[in-house]
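Biologist: Could you take me through one part of this model up close? I'd like the helix packing and whatever sits around it.

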Amino acid sequence: MLQDSDVLGFLELVRDALTGIDAAVKGGPRAVGRRLRLVVMDLADAVHGLNVATADVLAFDPPQVGKRAAFDIHADLVSAAMVQLVEDLKEDAGSSGVPWGMIADFERFIEAELLVEVVDDDRTARVYGIPQADLESMPLQVGQSLRAVFNDRQGELERITICIAGFASRGQPLSEQLDGAMHPLALATDSHPLVAHRAARDACDMVQAAVARNVSATADVIVSAVARDQKAFSTHRGLSKTRREIAAAADEDALTREIAELYRALCEGPLRSAAVEILGFLGETLSNTVGLNEIRSRLLVHRSESPLCETIALLIVPAWRNARAHEDLHWDPERGVAMFGETAVDLLDVEATAELIWSVSRGFQAGVQIARSVLPSLAEAMSQLEGAGSPINRDTKLTKSFGMFTLIASDIRRNRDHVTVILKPLRGTSLASRIGLALVNAAKLDSSVNVWTLEADDLPAFSVGRTAAQLAAALFGPGPNGEPAFLYPTSFAPLLADALTRNGVAIEEAAAQAWDLPLRDTLTHLPQFVVAGGLGQQSMLRNFRRAARRTHQAVQTVATHLGVQAPEDLDLTALCTILRKLEQRPQERLLARSLRKEHQRLLSALGPRPADHPWDRLAT
């Protein structure tokens, strides 16, 4: 492990130059004349070299949450010197065989120096202000859970995400929302932040260079990798299990096997995936059966094209992977070392290298995701190739969609063409409108789903088919700025009708309850409209006629959807006709009497209000 004296040694050039200036000044005018120009030039060279060497670190701007951010790398000379020493070690690892475990140790040394004020080890809490245990307790993917937790303060989550991504994107604006995505979360909470962020920046640079050459080919490489998301999630769970078994190993032999398994799994999983993707960006196509040794060789051929090539190549030690794959390993109690084949290895070095693989892989994937966000042309090309996307991607989009209406999804279950969304306790007003709009948007997001079910609080499951969601969308009305908007109860009527029948209510009763909502709402507001003197205002007459027409359309839509006859005595055609005439002749008393008479007839036909439907309180 390198000591503080090694760290401070990096500053000797700067310190010598400053000492020279001080001595020259103290030596009087003659000494100044002879030496000052030279020592100032030495100082300028030293400072320039320091700036060049530490440019990346000085640009690293992590989010500030609370008193201290997770990886608050101070832009001062000492921290810059530490980072430069890591870079020197990386170069040595390629030329003189310095173990990666030593670099990992030094990374931890840096982090300990930079985080001396941090007393806990919960990186999620330090970056996002949320205990990691709280996120992990939610059934959703952690990234989706994060967005759910920040449901009512999305601006804060967006600010943190921009800070996290800014280093990799070199400050370019993000065109896609990454807040809550698992890649920025992984990048922010990685145990080796310098390694992960450096990999992210290199990946972002590589993708941008590839897009400049051929955007379609680049999109194809990324989409092919995205298709393996579910496999990656399964690998992640397996790695967590292996880490737990390492911690619980009963003896050295068990520890040897588990550490070797951790290295093998990381090499064959996330590292292989990243390497294949990198070579794809560089124009190479590898078969699914290509060995790690060949992958390593191909990466080294391209080492001058991206720092990632050499970084990943140096992490691949075929002998370590083969020892575990071929069961050729054991603990030698006499020598007190682990044997991989005929070679003695340092288990700490193997484990540290495995953890670096994890950091590099996570950083790489985050960088690819960030590159997509800063390159609209790439995002468009990928959207054309992705289609519905993987279940993980679809669930992320679905969670974000519900979050737009302050509905927090705590779990999403998929069963072929049926999706069930479990909502956290419902809060706020206009819940029916928010739920209805969320369902309509969900149906647009994923056309492969036939049935959508919402479960929340103590309410029965609210299930609607894709057709009902489409019918609700057709009943949208004008919003505050003239945009199409979900209107309660008109747009809600076909959703309610469908949900009632799926909940076991007879078709005729379901239809009557569903169309009663918009009819009663329209007819109840008519007297208020008349009393307010609306008969003399053409704009009010026009707006009410359009509302009545939408209600008439909702009744007809429900009837057609459920296959029943619409109630003839509740037909609003005559009401709309009278209102049209009143728009043209608003002062004609005969028309006003006709309006009141038709209103009384409709109220009589409507009769008493039916029993509340099971989701009635959603309307409040």
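Modeller: Here is a walk through one helix pair, its surroundings, and a few backbone oddities.

First, the ground rules: this is a predicted model, where local features need pLDDT of at least 70, side-chain atom pairs count only at pLDDT 80 or more, and totals for chains, interfaces and linings use all residues. Residues are numbered from 1 along each chain as its sequence is written, and side-chain values use heavy atoms, with hydrogens and water left out.

Let's start with the pair itself. Helix α23 (residues 466-474) packs against helix α24 (residues 493-502) at an angle of about 160°, and their axes are 8 Å apart. (Helices here are DSSP runs of H or I with at least four residues, strands are runs of E with at least two, and both are numbered from the N terminus; axes are lines fitted to C-alpha atoms, for helices over the stretch in contact, with angles running from 0 to 180 degrees between N-to-C directions.) That angle makes α23 roughly antiparallel to α24, a label for anything over 145 degrees, while under 35 is roughly parallel, 65 to 115 roughly perpendicular and the rest oblique. The crossing of α23 and α24 is right-handed, meaning that the near helix is turned clockwise from the far one by less than a right angle.

Who touches whom? On the α23 side there are Ala468, Ala469, Leu471 and Ala472, and they meet Pro494, Leu495 and Asp498 of α24, where contact means heavy atoms within 4.5 Å. Sorted by class, the contact of α23 with α24 has 6 nonpolar, no polar and 1 charged residues. For that count, Ala, Val, Leu, Ile, Met, Phe, Trp, Tyr, Cys and Pro are nonpolar, Asp, Glu, Lys and Arg are charged, and the others, Gly among them, are polar.

Ala472 also turns up in a core of 69 residues, along with Phe486, Leu496 and Ala559 among others. A nonpolar core is a set of buried Ala, Val, Leu, Ile, Met, Phe, Trp, Tyr and Cys residues joined through side-chain atoms within 4.5 Å; buried is under 20% relative accessible area, exposed over 50%, and partly exposed in between, with a 1.4 Å probe and protein chains only.

Now look just before α24. Pro489 lies in the loop between β9 (484-485) and α24, and a cis peptide bond joins Tyr488 to Pro489, with omega about 10°. As background, most peptide bonds are trans.

Pro489 leads us on to Pro518, which sits in helix α25 (residues 507-531). Leaving out residues up to four places away in sequence, Pro518 touches Pro489, Thr490, Ala493, Thr551 and Ala554. Pro518 is buried, at 1% relative accessible area, and its C-alpha atom is separated by 9.0 Å from that of Ala548, 30 residues apart along the chain.

Asp516 lies in α25 too, and at 7% relative accessibility Asp516 counts as buried. With the same sequence neighbours left out, up to four places away, Asp516 touches Leu606, Arg609 and Pro610. The C-alpha atoms of Asp516 and Thr551 are separated by 9.9 Å, 35 residues apart along the chain.

One last backbone detail: Asp457, in the loop between β6 (451-455) and β7 (462-465), has a positive phi near 50° without being a glycine. Asp457 is partly exposed, with a relative accessible area of 37%.
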